[in-house]
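Please find below a colleague's note on this structure, set out as numbered points for a reader who is meeting it for the first time. The points take up charged pairs to begin with and turn to the surface at the end.

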Amino acid sequence: MKMPTLSEKTTLAEKTCTPCRGGVPPLGRAEAETLLAAAPDWTLMDEARRIERGFRFGNFREAAEFVRQIGELAEAEGHHPDIAFGWGYATISLQTKKIAGLHENDVIMATKIDRIFSRRQGLPAGRM
């Protein structure tokens with residue numbers, strides 16, 4: 001798998017999600033793995049039909065604030081993840097439901113969510 005350059009990672013994070021009307025084939029595993037190289041902490045799940053990442057926080061308030069920021073991003077992008085969170089954690093799952101699989105939009109969102117998380121100073125980073 002080819003690792004993306006810094007400019008390729010930046011390009012995905014600077015893109016905007018495009019409306020998905022359905023009828024578009026989902027990304028195949030190889031395409032998904034190539035794009036996902038821009039968001040290496042995310043994991044392909046369900047036979048490459050969705051991606052997921054866990055995040056850790058110091059308390060409930062930090063997790064809730066992170067989730068709030070993702071909610072604002074989701075509304076701005078028109079692309080909405082599934083979110084589970086509680087004391088000290090948040091798990092984000094992305095899939096384009098209209099095509100029951102992955103689309104470039106999911107990786108765009110993943111890179112933007114990673115940026116939100118990386119801006120949080122002084123918090124322990126980590127996968128769940």
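1. In this predicted model, Arg 53 and Asp 41 form a salt bridge, in which the closest N and O atoms are 3.7 Å apart. The pair links distant parts of the chain, since Arg 53 belongs to strand β2 (residues 50-56) while Asp 41 sits in the loop between α2 (29-36) and β1 (43-45), and the two residues are 12 residues apart.

2. Is each partner of this bridge buried or exposed? Arg 53 has a relative accessible area of 6% and is therefore buried, the cut-off for that label being under 20%. Asp 41, with 31% relative accessibility, counts as partly exposed, a class that lies between the limits of 20% and 50%.

3. The bridge between these two residues should be read together with a third residue, given that Asp 41, Arg 53 and Asp 114 are linked in a network of salt bridges. For the wider setting, the structure holds 10 salt bridges, and two further examples are described in the points that follow.

4. One of the further examples joins the side chains of Arg 49 and Glu 47, which meet at a distance of 3.7 Å from N to O. Here Arg 49 counts as partly exposed, with 39% relative accessibility, whereas Glu 47 reaches 67% and so counts as exposed, a label that requires over 50%.

5. Another example is the salt bridge that Asp 82 forms with Lys 97, where the closest N and O atoms are again 3.7 Å apart. This pair, too, links distant parts of the chain: Asp 82 is in strand β3, Lys 97 is in the loop between β4 (89-94) and α4 (104-119), and 15 residues separate them. Asp 82 is partly exposed, with a relative accessible area of 42%, and Lys 97 is likewise partly exposed, its relative accessible area being 46%.

6. Which residues form a nonpolar patch on the surface? The patch is made up of Phe 60, Ile 83, Phe 85 and Trp 87, which together have about 420 Å² of accessible area. Among them, Ile 83 lies in strand β3, which spans residues 82-86, and is partly exposed because its relative accessible area is 33%. That value also meets the condition for patch members, which is over 30% relative accessible area. Strand β3 thus carries both Ile 83 of the patch and Asp 82 of the salt bridge with Lys 97.

Conventions
Residues are numbered from 1 along each chain as its sequence is written. This is a predicted model: local features need pLDDT of at least 70, side-chain atom pairs count only at pLDDT 80 or more; totals for chains, interfaces and linings use all residues. Side-chain values use heavy atoms; hydrogens and water are left out. Patches are made of residues with over 30% relative accessible area and no salt bridge: like charges are joined within 9 Å, nonpolar side chains (Val, Leu, Ile, Met, Phe, Trp, Tyr) within 5 Å. Accessible areas come from the Shrake-Rupley method with a 1.4 Å probe; for residues, only the protein chains shown count as cover. A salt bridge is a side-chain nitrogen of Lys or Arg within 4 Å of a carboxyl oxygen of Asp or Glu. Helices (H or I, at least four residues) and strands (E, at least two) are DSSP runs, numbered from the N terminus. Buried means under 20% relative accessible area, exposed over 50%, partly exposed in between (1.4 Å probe, protein chains only).
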